[in-house]
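Open your viewer, switch on the cartoon and keep the selection box handy. We will go from stop to stop, each with something to select and something to find.

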Amino acid sequence: MTLGHAMFAGNLDNCLNIEDLRQAARRRAHRMVFDYIDGGSDDEKTLKRNSSAFDDYELLYRVLSGNDTPDMSTTIMGQRLEVPFFLSPAAGNRLFHTDGEVGPATAAAQAGTAYCLSTLSSVSIEEIGALTDGPKWFQLYVWRDRVLVKEMLDRAKAAGFSALILTVDFPITGNRERDPRNGFTIPPRVGARQIWHALQAPFWSLDYVTKAPIRYANISGKTPATTLNAFVAEKLSAAFNWKDAEWLLAEWGGPAMLKGVVRPDDARLAVETGFRAISLSNHGGRQLDTSPAPLDCVQRVRDEIGDAVDLVVDGGVRRGTDVLKAIALGADAVSFARPYLYGLAAAGTPGAVHAVKLMVEAVRRDMILCGIASPAELNVDFLRKCAQ
């Protein structure tokens with residue numbers, strides 16, 4: 001561990017919540033890196049609403065329930081998770097810290113939950129597959145090249161990934177205005193602006209110049225520095241449709257989740273197409289601004305599909321109470337990326353582990369305070385809508 005790693009890891013005890021980790025990430029990371037994690041599209045209204053939606057509800061806790069050791073486990077796509085959340089995919093984690101996807105994969109395994117590896121990871125499918133015996137799921141975008149898709153699916157199966165996450169809210173890149181202002185590219189392109197910001201983030205910069213180059217580890221060959229918009233326009237297919245999704249499920253041949261749904265009719269089509277789970281998500285507020293918060297979609301989607309498939313809320317989760325509110329509204333679990341990315345950017349693997357540990361401790365504490373023995377006990381009777 002370098003001096004910089006030790007310094008930031010040693011300060012983790014002072015990070016009592018996810019916002020503390022966010023501020024620690026802001027201090028350590030290059031500006032374009034932090035803004036890539038932190039930002040949303042357009043006016044970032046959806047980004048803000050994803051979190052503020054949880055504030056619309058109060059928890060009506062029970063007393064004298066005698067539940068001092070709650071069972072936090074749940075089952076998603078037939079996979080038992082020891083906590084009612086899992087780690088969402090996020091691209092290019094070595095951009096945030098040299099440990100890359102090793103950090104969140106380690107954190108998920110220690111918590112007994114699933115880690116979802118992005119297609120655009122900076123550590124390979126095979127390396128993450130061999131890292132832990134914990135549940136691992138593989139996220140896929142809708143690529144133009146079906147040969148590449150089949151190759152990635154075969155590699156994921158061989159490496160022990162047990163479920164597929166198809167992300168469908170990314171036909172083109174949302175208007176993320178922080179990125180062009182910072183001259184953001186993947187991998188980073190060095191220019192005067194980046195050098196100036198690098199001088200203000202010396203520990204991140206030292207890692208960047210002394211460690212192996214950042215690249216998309218699952219794509220053959222060297223990836224040139226390019227904007228996200230240009231990369232997506234060249235490689236991904238906005239023409240991908242429900243028939244293509246059927247083809248993909250047949251190629252995968254295992255449990256799969258559709259990620260990026262906000263409409264009840266799309267949820268119904270997902271069930272009919274054969275998905276085992278649905279993730280209510282707007283890509284963390286990074287795509288279509290003014291789209292609804294995932295939490296606000298739960299009840300209508302659950303009413304449409306009943307108990308046909310597992311339902312996940314992805315977006316805005318920062319506290320244990322957020323997890324309980326989502327489940328009380330009808331979700332089976334939640335997922336998140338920003339909390340562990342803040343931890344990773346702040347202190348590498350120890351930071352990612354700390355972020356997930358904070359969430360585990362928060363869910364356990366809040367379940368006891370709420371008077372419940374398991375997530376299955378939660379329902380709308382535990383909620384009261386706040387007066388507007």
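The tour below visits strands, salt bridges, a histidine and a surface patch.

**Before you start**

This is a predicted model, in which local features need pLDDT of at least 70 and side-chain atom pairs count only at pLDDT 80 or more, while totals for chains, interfaces and linings use all residues. Residues are numbered from 1 along each chain as its sequence is written, and side-chain values use heavy atoms, with hydrogens and water left out.

**Stop 1: strand 6**

Select residues 136-140, which form strand 6. Helices (H or I, at least four residues) and strands (E, at least two) are DSSP runs, numbered from the N terminus. Is strand 6 enclosed or open? Its residues are buried, 5 of the 5, so strand 6 is largely enclosed by the rest of the structure. Here buried means under 20% relative accessible area, exposed means over 50%, and partly exposed is in between (1.4 Å probe, protein chains only). Show the side chains: K136, F138 and L140 point one way, W137 and Q139 the other.

Now add the neighbours, using the rule that two strands pair if DSSP finds at least two bridges between them. Strand 5 (residues 115-117) runs parallel to strand 6, and 3 bridges join them; look for Y115 opposite K136. Between these two strands the chain passes through helix 6 (residues 125-131) in a right-handed β-α-β crossover. Right-handed means that, with the strands pointing away from the viewer, the path from the first strand over the helix to the second runs clockwise.

Strand 7 (residues 163-167) also pairs with strand 6 in the parallel sense, over 4 bridges. The partner of W137 in strand 7 is A163. Helix 7 carries the chain from strand 6 to strand 7, and this β-α-β crossover is right-handed too.

**Stop 2: along helix 7**

Select residues 146-158 for helix 7. Which residue forms a salt bridge with D154? The partner is K150, with the closest N and O atoms 3.3 Å apart. A salt bridge is a side-chain nitrogen of Lys or Arg within 4 Å of a carboxyl oxygen of Asp or Glu. D154 and K150 are 4 residues apart, about one turn of the helix. At 36% relative accessibility D154 is partly exposed, and K150 is partly exposed at 36% as well.

R155 and E151 also meet in a salt bridge, at 3.8 Å from N to O. This pair is 4 residues apart in helix 7, so about one helical turn separates the two. E151 is partly exposed, with 33% relative accessibility.

**Stop 3: a salt-bridge network**

Select E19, R22, R31, D35, D38, E44 and R178, which salt bridges with shared partners join into one network. The search of the whole structure finds 23 salt bridges. Zoom in on D38 and R178, whose side chains meet at 3.2 Å, N to O. This salt bridge links distant parts of the chain: D38 is in helix 3 and R178 in helix 8 (residues 178-182), 140 residues apart. D38 is buried at 6% relative accessible area, whereas R178 is partly exposed at 21%.

**Stop 4: H30**

Go to the loop between helix 2 (18-28) and helix 3 (31-38), where H30 is found. Is H30 buried or exposed? H30 is buried, with a relative accessible area of 1%. The H30 side chain reaches the backbone nitrogen of M32 at 3.2 Å.

**Stop 5: strand 9**

Select residues 277-280, strand 9. A277 and S279 point one way, I278 and L280 the other, and all are buried. Strand 8 (residues 256-261) runs parallel to strand 9, joined by 4 bridges; K259 has S279 as its bridge partner. With helix 13 (residues 264-273) between them, strands 8 and 9 make a right-handed β-α-β unit.

Now bring in strand 10 (residues 310-314), which is parallel to strand 9 and joined to strand 9 by 4 bridges. A277 stands opposite D310. From strand 9 the chain crosses through helix 14 (residues 294-305) to strand 10, and this β-α-β crossover is right-handed.

**Stop 6: out to the surface**

Finish by selecting L64, in the loop between strand 1 (57-59) and strand 2 (74-76). L64 is exposed, at 88% relative accessible area. Add Y61 and V63: with L64 they make a nonpolar surface patch of about 430 Å².

Patches are made of residues with over 30% relative accessible area and no salt bridge; like charges are joined within 9 Å, and nonpolar side chains (Val, Leu, Ile, Met, Phe, Trp, Tyr) within 5 Å. Accessible areas come from the Shrake-Rupley method with a 1.4 Å probe, and for residues only the protein chains shown count as cover.

Key: A polar contact is a pair of N or O atoms within 3.5 Å; within protein, one must be able to donate a hydrogen and the other to accept it, and residues adjacent in sequence count only if both atoms are side-chain atoms.
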